[in-house]
Amino acid sequence: RTAVPREHFTNAMFYKFSQISGRVVPAEAQSVYAPQGFAKDPATTAQPTTQRPVSQSQANSDAIFNRPNRVPVFQRVFQGGNHSVPVFLKGGRTDLLIYRSAMAFSVVGIAICLEQLYMTATGKQKKA
């Protein structure tokens, strides 16, 4: 093993994040060790912000959370009662309608795919 010369470490590269390009770019050692946010000049340091008024959308967002808690109702519906019914059908007639229509569309889609596969495999014979 040979020792690495000390001069090898003095030519170190320095990198910092560029606000302009949004990438990490090579930089001088002085700019890396004195980042922009930590300037010694008090005129360039960030000043504390003042409070701003609450926007209208934030004020209306509280109305969303003041609704009654419906979790216990849903727990009774989905966890209790008839265990022979799958959970995706416990919502009543609307769930049954959605489930059956989804299954019907799936069957129709598979039939169309199989028909197109058959048509592609057999093709049309050319008349001589």
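**Figure 1. F88 in the loop between α4 and α5.** F88 lies in the loop that runs between α4 and α5 of this predicted model. Its relative accessibility is 45%, so F88 counts as partly exposed. F88 is one of the residues of a nonpolar patch on the surface.

**Figure 2. The nonpolar surface patch.** The patch is formed by V73, F74, V77, F78, V87, F88, L96, Y99 and M103, which together have about 740 Å² of accessible area. Two elements, α4 and α5, give two or more residues to the patch. The largest share comes from α4, with four residues.

**Figure 3. K90 and its contacts.** K90 is placed in the loop between α4 (71-79) and α5 (93-122). Because its relative accessibility is 17%, below the 20% limit, K90 counts as buried. Leaving aside residues up to four places away in sequence, K90 touches V77, F78, G80, N82, H83, V85 and D95. For one of these contacts, V77, the C-alpha to C-alpha distance to K90 is 7.0 Å, with the two residues 13 apart in sequence. V77 and F78, both touched by K90, are also among the residues of the nonpolar patch.

**Figure 4. S18 between two strands.** S18 sits in the loop between β1 (14-17) and β2 (24-27). With a relative accessibility of 14%, S18 counts as buried. A polar atom of the S18 side chain lies 3.4 Å from the backbone nitrogen of I20. When residues up to four places away in sequence are not counted, S18 touches R23 and V25.

**Figure 5. E28 between β2 and α2.** E28 belongs to the loop between β2 and α2 (29-33). Its relative accessibility is 57%, over the 50% limit, and E28 therefore counts as exposed. E28 and Y15 are 13 residues apart in sequence, and their C-alpha atoms are 7.8 Å apart in space.

**Figure 6. Confidence along the chain.** Mean pLDDT for the chain is 76, and 63% of the residues reach 70 or more. Confidence is lowest in helix α1 (residues 7-10), where the mean is 54. The highest confidence is in α5, at 95. This helix is also one of the elements that give two or more residues to the nonpolar patch, and its span, 93-122, follows the loop that holds K90.

Terms used: Residues are numbered from 1 along each chain as its sequence is written. This is a predicted model: local features need pLDDT of at least 70, side-chain atom pairs count only at pLDDT 80 or more; totals for chains, interfaces and linings use all residues. Side-chain values use heavy atoms; hydrogens and water are left out. Buried means under 20% relative accessible area, exposed over 50%, partly exposed in between (1.4 Å probe, protein chains only). A polar contact is a pair of N or O atoms within 3.5 Å; within protein, one must be able to donate a hydrogen and the other to accept it, and residues adjacent in sequence count only if both atoms are side-chain atoms. Contact means heavy atoms within 4.5 Å. pLDDT is the predictor's confidence in each residue, from 0 to 100. Patches are made of residues with over 30% relative accessible area and no salt bridge: like charges are joined within 9 Å, nonpolar side chains (Val, Leu, Ile, Met, Phe, Trp, Tyr) within 5 Å. Accessible areas come from the Shrake-Rupley method with a 1.4 Å probe; for residues, only the protein chains shown count as cover. A salt bridge is a side-chain nitrogen of Lys or Arg within 4 Å of a carboxyl oxygen of Asp or Glu.
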